[in-house]
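Please open the model in a viewer and follow a tour of its aromatic contacts. Each stop names a selection and then describes what is found there.

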Amino acid sequence: MGVTARELNRSTLARQLLLRREPLDAAEGVRRVVALQAQQPASPYIALWNRLADFDPAGLDAAFSDHSVVKATLMRLTLHAVHAEDHPAFREAMHPVVRASRLGPRFTRSGLSAEDADQLVPRLLEFAKRSRTTAECEAWLGERLGAPPGPGAWWGLRQYTPLLHAPTAPPWSFGHRPSFIAPRTSPPRTDPEASAASLRTLVVRYLSGFGPASVADVAQFAMVRRTAVRAALADPAGELDRLEGPGGEELFDLPGAPRPDATTPAPPRLMAMWDSVLLAYADRGRVLPPAYRRVVIRANGDVLPTLLVDGYVAGVWRPVAGGVEATAFHPLPEEVWEKLAVEARSLVGFLAGREPEVYRRYGHWWKHLPSATVRLLPGG
C-alpha cells in the first residue's frame with residue numbers, strides 16, 4: 001500500500017491533534033501526542049493550547065506538580081515533557097545513548113569515570129527525593145568527592161542520572177535556573193535487554209503519535225542508531241503495517257491508526273517554538289517545506305514559532321504591542337489571514353495572564369528573515 005506525502009502530513013496532524021482541538025485534560029493531551037519538546041518553558045503550554053479545546057494552563061501546572069506529566073532529558077538528549085507512565089520506558093530506551101554521550105571525555109576530564117557515575121547515581125536519587133537546586137546538588141557532589149567537582153562532573157552526572165526537572169517558578173512552571181527531583185517510580189533498568197525492550201515500547205509510542213514513519217525517522221526522533229531501530233521494528237508476529245512512502249521508502253505504522261484522506265482540511269495554527277512536529281522526522285518536509293528549513297531552524301538550533309497553513313509551515317510569528325506579528329513566506333489568501341487573526345486573538349488572551357511577550361529573548365532572529373509579507377494580527 002502506498003502513502004502520498006500529503007497523506008503523511010495529514011496523518012501527523014491527526015495524531016498530533018492539529019486537525020481539531022480535542023476536549024482532553026493536560027495529562028491525557030500529553031499522552032496522546034507522546035512527547036513535547038520542553039527546553040523553552042512556555043512551549044509545552046503553547047503546544048497544548050494549539051491542540052486542546054478550552055485549554056487551561058493551570059491544568060498543566062497541576063500535572064507537572066503532581067508528576068502526572070514530567071520534564072526530563074530524553075529523546076535526542078533534549079528536554080521533553082511526557083506522561084509519567086511513559087517516562088520509565090523512554091528513559092530505559094535512551095540509557096545507552098545517554099551513557100555514551102554524557103560519560104565521555106567531557107565527564108572523565110573531571111577525574112571521574114563511568115564506574116564512578118554508576119556508584120553515584122543511586123545516592124544522588126536518594127538525595128533528590130525532594131527538590132534540589134543546582135547549587136545544592138553541586139555541593140552534595142563535592143562532599144561525596146571530598147573536593148569541589150571538576151568541570152564537566154555535574155554536567156554529565158545530572159543528565160546521566162534519571163532526574164526530573166522540578167517546578168520552580170511562574171509563569172510556566174519552570175524558570176531558567178533548574179531544580180531537580182527523583183522520579184516517584186523505580187529507577188530505570190540499565191541492562192541491554194531492558195533497553196532493547198523499552199526501545200520497542202518507545203518505537204510503538206512514537207508511531208502512535210507521529211506515524212507512519214521510516215527507520216530513519218525513528219532514529220532521528222530518538223537519536224538512536226538505525227540498527228537498533230530496525231531490531232525494534234522487527235515484527236515476526238505481523239503486528240505492524242508496512243507501507244510504501246512517497247519516495248519508495250518503507251514505512252511502519254500501527255494497524256488502525258488514523259490516516260486521513262489527503263483532502264482533509266487543516267486549520268491554521270500558531271505553533272510553539274521547537275514544536276515536535278517540525279523535528280520528529282528525518283524528512284522534515286512532512287510539515288516544514290525544505291525552502292524554509294534554514295529560516296525556521298537557526299544555525300544554533302533555535303526553532304522559531306511558526307505559522308501552520310494547510311498543514312505546512314508558511315511563516316513565523318511573534319507577540320508585539322497590540323497583537324501578533326505574522327510573517328508569511330509566501331502569499332496567503334485573505335480567508336487564511338482572517339483565520340490566523342482569530343487564532344492570534346485567542347493566543348493573545350491566553351498569554352495575557354502569563355507572559356504577553358513570550359519568546360522576546362529570541363527577537364533578534366527577525367532581523368535575519370527574508371523579505372516577506374508582514375501583518376499585525378490584532379489581539380483585541
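Select Phe210 to begin: in this predicted model, Phe210 has 0% relative accessibility and therefore counts as buried, the cut-off being under 20%. Add Tyr281 to the selection; Tyr281 is likewise buried, with a relative accessible area of 0%. The two rings form an edge-to-face aromatic pair, with 6.1 Å centre to centre and 75 degrees between the planes. To see how this pair links distant parts of the chain, display helix α10 (residues 192–210), which holds Phe210, and the loop between β9 (269–270) and α13 (293–296), which holds Tyr281; the partners are 71 residues apart.

Next, widen the view. How many aromatic pairs does a search of the whole structure find? The search returns 17.

Another of these contacts is reached by selecting Phe127 and Trp140, whose rings are stacked at 5.6 Å centre to centre, with 25 degrees between the planes. Phe127 belongs to helix α7 (residues 114–127) and Trp140 to helix α8 (residues 134–145), 13 residues apart. Phe127 is buried at a relative accessible area of 18%, and Trp140 is buried at 7%.

Keep Phe127 in view and select Arg132. The charged end of Arg132 sits over the ring of Phe127, 3.8 Å from its centre.

For the final stop, select Tyr45, Trp49, Phe55, Phe64, Trp172, Phe174 and Phe350, which together form one aromatic cluster. Within that selection, centre on Trp49 and add Arg21: the charged end of Arg21 sits over the Trp49 ring, 4.9 Å from its centre.

Conventions. Residues are numbered from 1 along each chain as its sequence is written. This is a predicted model: local features need pLDDT of at least 70, side-chain atom pairs count only at pLDDT 80 or more; totals for chains, interfaces and linings use all residues. Side-chain values use heavy atoms; hydrogens and water are left out. Rings of Phe, Tyr and Trp (its six-membered ring) pair if their centres lie within 6.5 Å; planes under 30 degrees apart count as stacked, over 60 as edge-to-face and the rest as tilted. Helices (H or I, at least four residues) and strands (E, at least two) are DSSP runs, numbered from the N terminus. Buried means under 20% relative accessible area, exposed over 50%, partly exposed in between (1.4 Å probe, protein chains only). A charge sits over a ring if NZ of Lys or CZ of Arg is within 6 Å of the ring centre and within 35 degrees of the ring normal.
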